[in-house]
Amino acid sequence: GPLKIKGAVAVNDRTFAFKNAEIQVDQMNATGDFAADTGGAKPHLKGRLDIDLLDLNPYLPAPAPADKKTAAAKKGEGGPPPEWSDEPIDLSGLKAANVDFDLSVGGIRIRDLKVGRGVVKLSLKDGLLVTDLSELNLYDGKGRGKLTLDGRGKVPAVANSFNIAGVAAEPLLTDASGFDRLAGTGRFDIAVDTRGNSQRAMVKALSGRGAVAFTDGSIKGVNLAAMVRNVKSAFDPTIAKEEQKTDFAELSGTFNILNGILRNDDMKLLNPLLRLAGAGQVDIPKRTMNYRVEPKIVGSLEGQGAQDGAKGLAVPVIVEGPWHDLSYRPDLASLVGEVAKDPQKALQDVKDTLKGAKGGLSDVLKGVTEPPAETGQEGGTPALDPGKALKKLFGD
């Protein structure tokens, strides 16, 4: 496309400068100053560039049509991902020059992703590259980060830290990956580092920690609280047509990574009648997951911020397998084991839950934990009719 550059050129011995530069490329405009000193053992480059809007879309390949993606999925072509690469990584080229460069961008467009103003300071000296992102505006959130590439030794090393708060999760995830099921205000805090001569080696050496939290949000597509309050209405076809979502006060967790194994032990979701806890690990080198989620129906009508240790019914679920083909199954052995340890406590938890539950679920649980009014034999013990309870669960 159209290109226009103008500015003042200056030469002094082995120092070259391009000052008051004005650059126009397609619809993008930039100003800056540049200098190169070639008098030392290696070139020393300095510069500053201010871009109004960096639109990368005209230079990216066209995305695959949705119908082709669907066809590929039906054929099973989206199977296991390729193995981590053993191709050598060489950062020795970072020793070719020393650089000090400042970059500011009013905004960035990558596909549907829209990034706000960002300010970056880049420093390269003797093979050590430090990229300091001092300002980032992203979907109402603000943050900063730092990326370091170390090519000074025989084994390349990488370190990355990043934190941002106040991000609007739904538009960010929708624009970035087409995922529109999660809404809320997000906060991310991540710091990781690794070293190795190949991608596989770096993945195996990956270590670090992080924290992710979403507040005052919702998970779209399912209304778990409504199912807790009234199971019968949850299966009503007229209600199913309406937008279903599970509101939460908090969805959060922290993680640690050691030698490529990511471990999380404190994932939680807080909802008026639902608490969800999770723990497990992700084997990044092997691309597998082993995770246990414990959703708990609680008999509390307190606000979403109520303590998550409330009594209630819990049915653990195991999520495991390779990333591209995860399986989900109830952890019945654990559930039965907990009930067997203290049957009276389990029964009391059910009764406590009934105090807060309403509608169909309450009726069902009462049918299981309390005998109905009719009697099995005259003068005998009231009979228990689980069939009626199950019919109520599925709306007769």
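What covers the buried residues of α2? Keep that one in mind while you get your bearings; we'll come back to it with the helix selected.

**Whole chain**

What you have open is a predicted model. Colour the protein chain by secondary structure and you should count ten helices and 21 strands. Of its 396 residues, 31% count as buried. Take the contacts between residues at least 6 apart in sequence: 49% of them join residues at least 24 apart.

**Stop 1: β2, β3 and β4**

Start towards the beginning of the chain. Select 15–25 for β2 and 28–37 for β3. These two strands run antiparallel, with nine bridges joining them. Thr 15 stands opposite Asp 37 of β3, which makes a handy pair to label. Now look at the turn: this hairpin has two residues between its strands, and Asp 26 takes a positive phi near 55°.

Add 44–51, which is β4. β3 pairs with β4 in the antiparallel sense too, over eight bridges. Asp 37 turns up again here, with His 44 as its bridge partner in β4. The hairpin formed by β3 and β4 has six residues between the strands.

Before leaving, click on Glu 22, which sits in β2. Is Glu 22 buried or partly exposed? It is partly exposed, because its relative accessible area is 39% and the buried class ends under 20%. Show its neighbours: leaving out residues up to four places away in sequence, Glu 22 touches Lys 4, Ile 5, Lys 6, Ala 30 and Thr 31. If you want a distance to draw, try Glu 22 to Asp 33: eleven residues apart in sequence, and 9.1 Å from C-alpha to C-alpha.

**Stop 2: a three-stranded open sheet**

Next, select β5, β7 and β8. They form an open sheet in the order β5-β7-β8, with mixed pairing. At the edges are β5 (54–55) and β8 (113–115), each of which pairs on one side only. β5 and β7 (residues 108–110) are parallel, with two bridges between them. To find the register, label Leu 54 and its bridge partner in β7, Ile 108.

**Stop 3: helix α2**

Now for the opening question. Select 169–177, which is α2, and show side chains for its buried residues: Ala 169, Leu 172 and Asp 175. Look down the helix axis and these residues fall within an arc of 150°, so they line one face of the helix. Their cover includes β8, β10, β12, β13 and β14 (207–220). Just after α2 comes Gly 178, with a positive phi near 75°.

**Stop 4: the largest nonpolar core**

Which residues have the most contacts inside the largest nonpolar core? Select Leu 136, Leu 138, Ile 164, Val 167, Phe 214, Phe 248 and Leu 251; the whole core has 21 residues. The elements that each supply at least two of them are β10 (128–138), β12 (157–168), α2, β13 (182–195), β15 (245–258), β16 (261–271) and β18 (288–298). The top contributor is β10, with three residues. Apart from this core lies another, of nine residues, among them Val 192, Phe 255, Ile 257 and Val 282. As background, nonpolar side chains tend to be buried together in soluble globular proteins.

Stay on Leu 251 for a moment. Not counting residues up to four places away in sequence, Leu 251 touches Leu 182, Val 212, Ala 213, Phe 214, Met 267, Lys 268 and Leu 269.

**Stop 5: the largest pocket**

Keep Leu 251 selected and switch on a surface. The largest pocket holds about 1000 Å³ of space. Of its 32 lining residues, those closest to the centre are Leu 251, Asn 264, Met 267, Met 289 and Tyr 291. Which element gives the largest share of the lining? That is β15, with six residues. Elements giving two or more residues to the lining are β13, β14, β15, β16, β17 (274–283), β18 and β20 (317–322).

**Last stop: β20 and β21**

Follow β20 away from the pocket lining into its hairpin, where four residues join it to β21. β21 covers residues 327–330, and the two strands pair in the antiparallel sense over four bridges. Label Val 319 and Tyr 328 to finish: Tyr 328 is the bridge partner of Val 319 in β21.

Technical notes. Residues are numbered from 1 along each chain as its sequence is written. This is a predicted model: local features need pLDDT of at least 70, side-chain atom pairs count only at pLDDT 80 or more; totals for chains, interfaces and linings use all residues. Side-chain values use heavy atoms; hydrogens and water are left out. A nonpolar core is a set of buried Ala, Val, Leu, Ile, Met, Phe, Trp, Tyr and Cys residues joined through side-chain atoms within 4.5 Å. Buried means under 20% relative accessible area, exposed over 50%, partly exposed in between (1.4 Å probe, protein chains only). Contact means heavy atoms within 4.5 Å. Two strands pair if DSSP finds at least two bridges between them. The arc is that of the directions from the helix axis to the C-beta atoms. On a 1 Å grid over the protein atoms alone, a cavity is a set of points where a 1.4 Å probe fits but cannot get out, and a pocket is an open set with protein on both sides within 12 Å along at least five of seven lines; lining residues have an atom within 4 Å of a point. Grid points are joined across faces, edges and corners, and a volume is the space filled by probe spheres set on the points.
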